[in-house]
Each structure stands twice: as structure tokens, then as C-alpha cells.
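User: Please pick one part of this structure and go through it closely. Then set that part against the rest of the chain.

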Amino acid sequence: LEVIASVRKRYNIDPDRIILAGCSQGGAESWKMGLRLPDLFCGLEIDAGVIGNRLNLDGLTPSQKASTASYGIMIDHAVSVANIPLVGYAGENDAQLAASTSIREQLGREGYTIEKTGQYRYTGKDINALFLANPGQGHSHATGDTAKQIDEFTAANFTRGRVVPDRIRYVTYTTRYNRSFWVTIDGLEHHFDRATIDAERDATKTSYTIKTANISRLILTETAAAQKVVIDGDTLNVKPAASLLLVRDGGHWQTANPAKSAGLRKEHNLQGPINDAFFDAFLCVNPTGTPNHPIAGERAKQEQERFAKMFTREYLGEARAKDDTAITDADIAHNNLVLFGDPGSNKLIAMIVAKLPIKWTKDSIVDAVKTYSATEHVPVLIYPNPLNPKRYVVINTGLVAARGANAYGDFAVLKVSKQADGQIAAEAAAEGVFDESWQLPPMNTLAAQ
């Protein structure tokens with residue numbers, strides 16, 4: 001996205017004629033971007049890219065759902081590309097052929113007809129999609145007639161340009177990815193569960209018919225002629241405006257005033273889980289004071305060192321860091337802050353600790369279910385920064401992508417112990433996700449987590 005913005009700044013390109021394309025690892029990322037951000041492109045050309053192959057998140061804990069929803073369940077998003085041209089390719093003998101095959105089959109389950117029109121060719125009948133395989137070929141770019149078919153398909157997309165559809169279907173599990181053309185999902189009933197929308201407007205853009213699941217707030221744009229919205233059985237007579245905010249309350253939808261504050265809630269780019277803080281500018285904050293408990297101080301130091309090494313290895317850069325005594329208002333305004341230490345050692349933690357959902361004193365750590373001794377436990381969490389609620393604060397953990405499906409959700413309470421080699425071992429005594437208002441879930445729910 002930064003590359004696109006940079007190129008558009010330097011060159012007079014047509015924003016309605018941008019193709020998203022990639023092969024192999026680039027194909028994998030093209031699947032992710034195309035399925036999440038379909039309205040940015042006039043077409044997708046995806047070659048031999050692997051894809052997260054889970055079909056649902058059944059059987060996972062809330063923390064596992066939160067981490068897996070980011071990358072592991074892309075097949076379920078297939079319907080989100082129903083509105084843009086798509087060509088998927090892999091060699092006949094390439095294991096990555098399974099990715100485009102899975103997307104094609106999922107589109108079929110969503111009700112679209114994709115016919116076999118050749119030995120290695122499938123063509124959408126009611127959807128602009130083409131799926132190809134190169135006979136006898138392994139993991140490589142397309143060649144010969146297959147390459148020619150892809151080039152012709154892509155050239156047609158450039159000629160046509162980006163087309164805004166009158167019907168939009170979209171799937172998401174998080175408000176991190178929440179927009180398709182004139183529909184923006186502004187709130188979910190339950191984060192990291194499947195959310196869907198099927199929205200259609202008439203040719204005059206005066207009447208809208210919408211079906212949703214697991215959505216609590218919805219923004220419609222291009223509504224300067226809108227008069228009526230029928231959504232999940234509720235009929236709303238609306239006034240034409242540049243955009244409309246619809247809010248579900250008590251099981252029914254109503255229009256709302258965007259200017260009125262909804263209080264602290266999970267919204268786009270402010271919804272967790274912990275890993276989400278590292279999608280944007282972040283700054284690690286070193287403790288300079290004396291920790292309340294030595295083991296907490298040692299664990300924070302080791303975790304920060306682990307994260308710094310991992311970040312350099314994986315991302316070929318250095319995780320920026322400053323002492324807590326050197327943090328400025330500008331740092332707070334422009335960064336997600338990653339705080340290491342405890343209220344005794346880190347000045348920033350001491351400033352915000354009273355405003356966190358998990359209570360943390362010198363003696364104890366308290367969630368909605370249990371009290372833990374602070375002498376052998378530390379919390380890790382993500383939360384809107386009380387000093388700047390438009391940015392995150394993360395406490396006592398760096399990026400935890402390497403933990404995979406076992407990554408923390410929004411919070412955890414870790415039991416820590418010192419090993420013979422001096423390393424601090426940590427085991428989750430509790431973990432989970434905050435509710436849609438960034439509070440601890442009900443006691444019975446947290447106990448189940």
C-alpha cells in the first residue's frame with residue numbers, strides 16, 4: 001500500500017487501473033491482499049501462491065481464533081473477490097495448485113457457477129473468474145498458451161478499469177479488514193468470528209437491500225440519492241447524504257449520527273489482537289526504574305531482547321526503542337507504544353496502569369475470574385493507549401507471530417519462573433480477548449477461555 005501511494009505521488013497513474021499480481025510468495029500475499037482489499041484493484045492475477053487452508057475456526061480458543069483469523073483462514077474469504085476479475089494459475093504438478101482450486105471450489109459453495117471449459121481451464125459463468133493450470137509444469141511462471149490466456153485476461157482488465165458494483169459480498173473476521181467499495185463494516189458483534197454482508201442497491205442508488213451476520217455498525221457511502229434501506233428485515237427511510245451510519249441495537253437497525261461518540265470500542269485499526277500493534281509505527285519503551293519484583297524485570301528484559309533479535313532477523317531492520325524518561329508527546333501521538341517492565345520500573349506503565357481492564361498492583365494481578373500473585377506472574381496485553389486512545393499500548397511482549405496458532409489474543413497472565421540457565425520460563429495462566437468495548441469478557445466466558 002505504501003508502494004502504491006509512493007508511485008501515485010510520483011507518476012500520473014490511473015488509480016482505477018491497478019492490477020494486483022504475484023507469483024509464489026508474491027502470489028500468497030496477493031491472495032491475502034486481494035481477498036481483504038478487493039476495491040483497490042481492477043483485477044487480480046495470482047500465480048502459484050499458497051493460502052491458509054482452514055475452512056473455519058471451529059474448536060479453537062478465543063486467543064487462537066484471534067491469531068489464526070489474520071492469516072490461516074483465507075479460503076472462507078473467497079466471496080469477497082466476486083466483484084473483481086480474477087485469474088488464478090499454477091502448474092499442473094505444483095502443490096500450490098491447491099490454493100486456486102480451493103478458492104474456485106469455495107466460490108462454487110457460495111453459489112457461483114464456474115464451468116470446466118478445457119482440460120486445464122475453468123471459466124466463471126456468472127462471475128469474472130478464470131482458473132488455469134499449465135500441463136506438465138511445476139512451480140514456476142506460466143508459459144506458452146497458458147501465459148497468453150493470462151495476458152489477454154489481464155489486458156482486458158486494464159482496458160475495462162475498476163468497476164464499482166451494485167452488489168457487494170464480503171467476509172471478514174476483524175475490523176482490520178472491513179471495506180469493499182461503498183460498504184464499510186465499522187463494528188462487529190463478536191470479533192474473530194465470521195462476519196458477512198450481502199448488500200445490493202438499485203440502478204438509481206435510491207434503494208438498498210442488505211443482509212448481514214455478526215455486524216453491529218455499518219457505513220454506506222455513495223448515498224447522495226439514498227431513500228430506503230432494508231437491512232436484516234428492518235426498513236429504514238433515510239435522507240440522502242454523502243454517507244450513512246447504521247447501528248444495530250437490541251436486534252434491530254437504526255440510523256445514527258457519526259459525530260456522536262460511541263465510547264471506547266473495537267474499530268478499524270484498533271481492534272487487536274497483540275500482533276496488530278506492529279502493523280503500524282511502534283516504539284519500544286525501556287524501563288529505567290526499579291521493578292517491583294526482580295523476576296518481572298528479568299522477564300521483561302529477556303522478552304525485549306528476544307523481540308529485538310527476531311525483528312532484525314525477520315524484517316531486516318531494528319525495532320526502535322527509547323527510555324521511558326525520554327518519551328515525548330510526539331512519541332505518544334505517532335506511535336503504538338510497546339512497554340516493558342512493571343509499574344515500578346516503567347514510568348509509562350505507572351501512568352496508565354489504573355486505566356487498564358486488568359488490575360495490576362505491587363501485590364497482585366486481577367482479571368474477571370481470579371487473583372494472581374504479582375511475585376510470580378506478569379500480564380501481557382494490548383489496549384487503546386489511555387494517553388492517546390487512537391493508538392495502541394502493548395505491555396510486556398513484542399510481536400508474537402512465531403507462536404502461530406498459540407499466539408496470545410488480546411491479553412494473557414503469565415506464570416513466570418527462573419530456570420537453571422537463567423532464562424525466565426513463562427506459561428499462560430489465563431488468556432483471551434477483550435469484548436467489543438475493550439473490557440474483560442464476563443466471568444463465565446473468561447473461565448471458558
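Analyst: Helices and strands here are DSSP runs, numbered from the N terminus: H or I over at least four residues for a helix, E over at least two for a strand. The model is predicted, so local features need pLDDT of at least 70 and side-chain atom pairs pLDDT 80 or more, while totals for chains, interfaces and linings use all residues. Residues are numbered from 1 along each chain as its sequence is written, and side-chain values use heavy atoms, with hydrogens and water left out.

The part to follow is the open sheet of six strands. Its order is β1-β2-β3-β6-β5-β4, and its pairing is mixed. Two strands count as paired if DSSP finds at least two bridges between them. β1 (19–23) and β4 (114–118) are the edge strands; each has a single partner, so one side of each lacks a neighbour in the sheet. From one strand to the next, the twist averages 15 degrees.

Inside the sheet, β3 (residues 86–91) and β6 (residues 129–134) run parallel, paired over six bridges. A90 has A133 of β6 as its bridge partner.

Now the helices on the sheet. α2 (residues 25–36) lies across β1, β2 (43–47) and β3, at about 145 degrees to β1. Angles run from 0 to 180 degrees between N-to-C directions; axes are lines fitted to C-alpha atoms, for helices over the stretch in contact. Contact means heavy atoms within 4.5 Å. α5 (residues 144–160) lies across β1, β2, β3, β5 (121–124) and β6, and runs at about 160 degrees to β6.

α4 (residues 97–109) also belongs in this picture. Its buried residues are covered by elements including α2, β3, β4, β5 and β6. Those buried residues are A99, S100, S102, I103, R104, Q106 and L107. Buried means under 20% relative accessible area, exposed over 50%, partly exposed in between (1.4 Å probe, protein chains only). The length of α4 fits too: 13 residues at 1.5 Å each should span 18 Å, and the end C-alpha atoms are 19 Å apart, which agrees. The expected span is 1.5 Å times one less than the number of residues. Just after α4, G111 has a positive phi of about 105 degrees.

I103 of α4 leads into the rest of the chain. I103 is among the residues with the most contacts inside the largest nonpolar core, which has 59 residues; I197, I210, L218, L220 and V229 are others. Such a core is a set of buried Ala, Val, Leu, Ile, Met, Phe, Trp, Tyr and Cys residues joined through side-chain atoms within 4.5 Å. Another core lies apart from it, with 54 residues, among them F278, L339, I382 and V393.

L218 sits in β12 (residues 215–221), which runs antiparallel to β9 over five bridges. I185 stands opposite L218. All six of the six residues of β9 (residues 183–188) are buried, so this strand is largely enclosed by the rest of the structure.

Finally, the whole chain. There are nine helices and 26 strands. The radius of gyration is 24 Å, close to the 22 Å of the globule rule for 449 residues, so the chain is as compact as a globular protein of that length. That radius is taken over C-alpha atoms, and the rule is 2.2 Å times the number of residues to the power 0.38. The C-alpha trace spans about 70 × 55 × 45 Å along its principal axes. Of the 449 residues, 51% count as buried.
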